[in-house]
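Colleague: I've got this one open on my screen and I'd like to go through it with you. Mind if I throw some questions at you?

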Amino acid sequence: MGHGAVTAALKAIVFDLDGTLYQEERLGEQVNQSAVHYVADLKGVSPAEAEKLLQQTRAQDQEGGTLSRAVVALGGTLREMHRRFAADCTPETLLKPDPRVQELLRALARRYRLHIYTNNNRDLSGRIMELIGITALMDRVFTIEDYWIPKPDRAIITDILSQIGCLPFETLFVGDRYEVDLAVPKALGCAVLETRTTQELLSLADLVH
(Lines give C-alpha, C1' and ligand atoms only; values in the text may rest on other atoms or scores of the structure.)
Protein backbone atom coordinates (compact mmCIF):
# COMPACT_ATOMS: atom_id res chain seq x y z
CA MET A 1 0.00 0.00 0.00
CA GLY A 2 1.27 3.45 -0.80
CA HIS A 3 0.31 5.53 2.22
CA GLY A 4 0.27 8.76 0.26
CA ALA A 5 -2.14 7.33 -2.30
CA VAL A 6 -4.87 6.69 0.27
CA THR A 7 -4.45 9.57 2.71
CA ALA A 8 -6.66 12.08 0.91
CA ALA A 9 -9.77 9.90 0.74
CA LEU A 10 -9.25 7.80 3.86
CA LYS A 11 -11.87 8.06 6.60
CA ALA A 12 -11.61 4.78 8.51
CA ILE A 13 -9.13 2.03 9.35
CA VAL A 14 -10.32 -1.51 10.12
CA PHE A 15 -7.76 -3.56 12.04
CA ASP A 16 -7.53 -7.26 12.58
CA LEU A 17 -6.70 -7.90 16.26
CA ASP A 18 -4.69 -11.06 16.91
CA GLY A 19 -1.27 -10.99 15.28
CA THR A 20 -1.86 -7.46 14.04
CA LEU A 21 -2.25 -5.10 17.02
CA TYR A 22 -0.16 -7.41 19.18
CA GLN A 23 2.03 -10.47 18.64
CA GLU A 24 2.13 -13.21 21.25
CA GLU A 25 2.79 -16.74 20.02
CA ARG A 26 2.02 -18.27 23.41
CA LEU A 27 -1.57 -17.00 23.28
CA GLY A 28 -1.90 -18.32 19.74
CA GLU A 29 -0.75 -21.70 21.01
CA GLN A 30 -3.37 -21.63 23.79
CA VAL A 31 -6.03 -21.03 21.14
CA ASN A 32 -4.63 -23.82 19.00
CA GLN A 33 -4.52 -26.30 21.88
CA SER A 34 -8.09 -25.44 22.86
CA ALA A 35 -9.18 -26.27 19.31
CA VAL A 36 -7.11 -29.46 19.32
CA HIS A 37 -8.81 -30.70 22.47
CA TYR A 38 -12.23 -29.80 21.08
CA VAL A 39 -11.56 -31.84 17.93
CA ALA A 40 -10.17 -34.68 20.06
CA ASP A 41 -13.42 -34.72 22.04
CA LEU A 42 -15.50 -34.56 18.84
CA LYS A 43 -13.70 -37.38 17.10
CA GLY A 44 -12.80 -39.53 20.09
CA VAL A 45 -9.11 -39.41 19.24
CA SER A 46 -5.95 -38.37 21.02
CA PRO A 47 -4.86 -34.73 21.02
CA ALA A 48 -1.93 -35.67 18.77
CA GLU A 49 -4.29 -37.24 16.24
CA ALA A 50 -6.64 -34.28 16.48
CA GLU A 51 -3.77 -31.87 15.84
CA LYS A 52 -2.80 -33.80 12.72
CA LEU A 53 -6.43 -33.73 11.53
CA LEU A 54 -6.57 -29.97 12.01
CA GLN A 55 -3.28 -29.45 10.16
CA GLN A 56 -4.45 -31.57 7.23
CA THR A 57 -7.82 -29.80 7.05
CA ARG A 58 -6.23 -26.34 7.16
CA ALA A 59 -3.76 -27.29 4.43
CA GLN A 60 -6.61 -28.35 2.12
CA ASP A 61 -8.61 -25.14 2.60
CA GLN A 62 -8.44 -22.82 -0.39
CA GLU A 63 -9.59 -19.72 1.55
CA GLY A 64 -6.88 -19.03 4.07
CA GLY A 65 -6.83 -22.21 6.13
CA THR A 66 -8.14 -20.64 9.32
CA LEU A 67 -8.61 -22.59 12.52
CA SER A 68 -12.31 -21.65 12.56
CA ARG A 69 -12.96 -23.08 9.11
CA ALA A 70 -11.03 -26.25 9.92
CA VAL A 71 -12.95 -26.94 13.15
CA VAL A 72 -16.28 -26.47 11.36
CA ALA A 73 -15.14 -28.73 8.51
CA LEU A 74 -14.39 -31.41 11.11
CA GLY A 75 -17.91 -31.22 12.57
CA GLY A 76 -17.49 -28.64 15.30
CA THR A 77 -19.47 -25.46 15.82
CA LEU A 78 -18.11 -21.95 16.09
CA ARG A 79 -20.16 -21.26 19.20
CA GLU A 80 -18.73 -24.21 21.14
CA MET A 81 -15.21 -23.58 19.88
CA HIS A 82 -15.34 -19.98 21.06
CA ARG A 83 -16.91 -20.93 24.38
CA ARG A 84 -13.84 -23.10 24.92
CA PHE A 85 -11.45 -20.39 23.76
CA ALA A 86 -12.87 -17.92 26.28
CA ALA A 87 -12.55 -20.49 29.07
CA ASP A 88 -9.16 -21.95 28.14
CA CYS A 89 -7.12 -18.91 27.15
CA THR A 90 -5.36 -16.66 29.66
CA PRO A 91 -4.21 -13.46 27.94
CA GLU A 92 -3.99 -11.92 31.43
CA THR A 93 -0.78 -13.90 32.03
CA LEU A 94 0.78 -13.01 28.69
CA LEU A 95 -0.14 -9.54 27.43
CA LYS A 96 0.77 -5.99 28.38
CA PRO A 97 0.45 -2.66 26.57
CA ASP A 98 3.01 -1.62 23.97
CA PRO A 99 3.35 2.17 24.34
CA ARG A 100 4.42 2.47 20.69
CA VAL A 101 1.18 0.88 19.46
CA GLN A 102 -0.93 2.93 21.86
CA GLU A 103 0.74 6.15 20.70
CA LEU A 104 0.23 5.19 17.04
CA LEU A 105 -3.46 4.43 17.55
CA ARG A 106 -4.04 7.63 19.53
CA ALA A 107 -2.51 9.64 16.69
CA LEU A 108 -4.54 7.81 14.05
CA ALA A 109 -7.75 8.20 16.08
CA ARG A 110 -7.42 11.97 15.93
CA ARG A 111 -7.78 11.82 12.15
CA TYR A 112 -9.62 8.59 11.32
CA ARG A 113 -12.31 6.37 12.79
CA LEU A 114 -10.72 3.15 14.03
CA HIS A 115 -12.45 -0.23 14.05
CA ILE A 116 -11.61 -3.87 14.70
CA TYR A 117 -12.83 -6.87 12.73
CA THR A 118 -11.68 -10.13 14.32
CA ASN A 119 -12.37 -13.84 14.03
CA ASN A 120 -12.10 -13.88 17.83
CA ASN A 121 -15.07 -13.88 20.21
CA ARG A 122 -16.38 -10.91 22.15
CA ASP A 123 -15.21 -12.08 25.57
CA LEU A 124 -11.64 -12.92 24.63
CA SER A 125 -11.13 -10.02 22.24
CA GLY A 126 -12.50 -7.62 24.86
CA ARG A 127 -10.06 -8.91 27.46
CA ILE A 128 -7.17 -8.67 24.99
CA MET A 129 -8.06 -5.11 24.01
CA GLU A 130 -8.18 -4.04 27.67
CA LEU A 131 -4.84 -5.70 28.40
CA ILE A 132 -3.07 -3.99 25.50
CA GLY A 133 -4.75 -0.71 26.34
CA ILE A 134 -6.64 0.10 23.14
CA THR A 135 -10.33 -0.35 24.00
CA ALA A 136 -11.17 3.34 24.27
CA LEU A 137 -9.56 4.09 20.90
CA MET A 138 -11.89 1.89 18.87
CA ASP A 139 -15.14 3.17 17.40
CA ARG A 140 -16.65 -0.21 16.46
CA VAL A 141 -15.58 -3.79 17.18
CA PHE A 142 -16.86 -6.58 14.95
CA THR A 143 -16.27 -10.11 16.28
CA ILE A 144 -17.17 -13.61 15.16
CA GLU A 145 -20.30 -13.25 17.29
CA ASP A 146 -21.74 -10.54 15.03
CA TYR A 147 -22.11 -12.96 12.13
CA TRP A 148 -20.97 -16.45 13.19
CA ILE A 149 -19.24 -16.70 9.82
CA PRO A 150 -15.43 -16.78 9.83
CA LYS A 151 -13.18 -14.67 7.64
CA PRO A 152 -12.84 -14.35 4.71
CA ASP A 153 -16.40 -13.45 3.65
CA ARG A 154 -17.37 -10.87 1.05
CA ALA A 155 -20.88 -10.20 2.39
CA ILE A 156 -19.51 -9.42 5.86
CA ILE A 157 -16.97 -6.92 4.53
CA THR A 158 -19.76 -5.24 2.57
CA ASP A 159 -21.91 -5.09 5.70
CA ILE A 160 -19.07 -3.68 7.81
CA LEU A 161 -18.50 -0.92 5.25
CA SER A 162 -22.22 -0.13 5.40
CA GLN A 163 -22.26 -0.08 9.20
CA ILE A 164 -19.24 2.22 9.51
CA GLY A 165 -20.64 4.46 6.77
CA CYS A 166 -17.65 4.31 4.44
CA LEU A 167 -17.13 3.50 0.78
CA PRO A 168 -14.36 1.01 -0.07
CA PHE A 169 -11.93 3.70 -1.27
CA GLU A 170 -12.41 5.52 2.05
CA THR A 171 -11.37 2.49 4.09
CA LEU A 172 -8.04 0.85 4.91
CA PHE A 173 -7.94 -2.74 6.17
CA VAL A 174 -4.89 -3.81 8.19
CA GLY A 175 -4.09 -7.44 9.01
CA ASP A 176 -1.34 -10.01 9.34
CA ARG A 177 -2.75 -12.64 6.94
CA TYR A 178 -3.31 -11.49 3.38
CA GLU A 179 -5.71 -14.23 2.25
CA VAL A 180 -7.75 -14.12 5.46
CA ASP A 181 -7.80 -10.41 6.35
CA LEU A 182 -7.07 -8.47 3.19
CA ALA A 183 -7.82 -10.26 -0.10
CA VAL A 184 -11.59 -9.67 0.06
CA PRO A 185 -11.40 -5.99 1.08
CA LYS A 186 -8.86 -5.39 -1.68
CA ALA A 187 -11.12 -7.08 -4.23
CA LEU A 188 -13.91 -4.71 -3.14
CA GLY A 189 -11.71 -1.65 -3.69
CA CYS A 190 -10.39 -0.99 -0.18
CA ALA A 191 -6.80 -0.08 0.56
CA VAL A 192 -4.98 -2.84 2.46
CA LEU A 193 -1.80 -3.17 4.49
CA GLU A 194 -0.28 -6.45 5.59
CA THR A 195 1.62 -6.11 8.89
CA ARG A 196 3.25 -9.15 10.44
CA THR A 197 5.43 -7.31 12.97
CA THR A 198 4.97 -4.35 15.27
CA GLN A 199 7.56 -2.48 13.22
CA GLU A 200 5.46 -2.92 10.08
CA LEU A 201 2.37 -1.78 11.96
CA LEU A 202 4.18 1.34 13.12
CA SER A 203 4.69 2.35 9.49
CA LEU A 204 1.09 3.59 9.66
CA ALA A 205 2.50 6.66 11.41
CA ASP A 206 3.15 7.92 7.87
CA LEU A 207 -0.60 8.59 7.64
CA VAL A 208 -0.45 11.27 10.32
CA HIS A 209 2.89 12.88 9.50
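Colleague: Let's start in the sheet: which residue of β5 is the bridge partner of G175?

Modeller: Keep in mind that we're looking at a predicted model. G175 belongs to β4, which spans residues 171-175, and β4 pairs with β5 in the parallel sense over four bridges. Go across from G175 into β5 and the partner you hit is E194.

Colleague: And how are the five strands ordered in the open sheet?

Modeller: The pairing is parallel. At the edges sit β3 (140-142) and β5 (191-194), each pairing on one side only. Neighbouring strands are turned by 20° against each other on average, ignoring direction. Reading across, the order is β3-β2-β1-β4-β5.

Colleague: On the other side of β4, which residue of that strand stands opposite V14?

Modeller: That takes us to β1, residues 12-15, which runs parallel to β4 and is joined to it by four bridges. One of the pairs there is F15 with V174. As for V14, the residue opposite is F173.

Colleague: Is β4 largely enclosed or open, and how many of its residues are buried?

Modeller: Look at the two faces separately. T171, F173 and G175 are buried on one side, and L172 and V174 are buried on the other, so both faces are covered. The strand is therefore largely enclosed by the rest of the structure, and the buried count is five of the five.

Colleague: Which helix packs on the sheet touching β4 and β5?

Modeller: Check residues 178-188, a helix that touches those two strands. Its direction makes about 165° with that of β5. The helix you want is α10.

Colleague: Now the pockets. Which helix gives the largest share of the lining of the largest pocket?

Modeller: That pocket has a volume of about 700 Å³ and is lined by 26 residues, with D18, G19, G28, V31 and R177 nearest its centre. Four helices each supply at least two lining residues: α2 (25-43), α4 (67-73), α5 (78-88) and α7 (122-132). The largest share is five residues, and it comes from α2.

Colleague: How many charged residues are in that lining?

Modeller: Sort the lining of the largest pocket by class: eight residues are nonpolar and 10 are polar. The charged ones number eight.

Colleague: What about the second largest pocket: how many nonpolar residues line it?

Modeller: Its volume is about 190 Å³. The lining has 13 residues, and Y22, Q23, K96, D98 and I132 lie nearest the centre. By class, two are polar and three charged, while the nonpolar ones come to eight.

Colleague: Which residue follows K151 across a cis peptide bond?

Modeller: Head for the loop between α8 (144-147) and α9 (154-164). The bond there has omega near -10°, so it is easy to spot once you list the backbone angles. The residue after K151 is P152.

Colleague: One more in that loop: is W148 buried, partly exposed or exposed?

Modeller: W148 is also in the loop between α8 and α9. It has a positive phi of about 55° although it is not a glycine. Buried would need under 20% relative accessible area and exposed over 50%. With 22% relative accessibility, W148 counts as partly exposed.

Conventions. Residues are numbered from 1 along each chain as its sequence is written. This is a predicted model: local features need pLDDT of at least 70, side-chain atom pairs count only at pLDDT 80 or more; totals for chains, interfaces and linings use all residues. Side-chain values use heavy atoms; hydrogens and water are left out. Two strands pair if DSSP finds at least two bridges between them. Axes are lines fitted to C-alpha atoms, for helices over the stretch in contact, and angles run from 0 to 180 degrees between N-to-C directions. Contact means heavy atoms within 4.5 Å. On a 1 Å grid over the protein atoms alone, a cavity is a set of points where a 1.4 Å probe fits but cannot get out, and a pocket is an open set with protein on both sides within 12 Å along at least five of seven lines; lining residues have an atom within 4 Å of a point. Grid points are joined across faces, edges and corners, and a volume is the space filled by probe spheres set on the points. Ala, Val, Leu, Ile, Met, Phe, Trp, Tyr, Cys and Pro count as nonpolar, Asp, Glu, Lys and Arg as charged, and the others, Gly among them, as polar. Buried means under 20% relative accessible area, exposed over 50%, partly exposed in between (1.4 Å probe, protein chains only).
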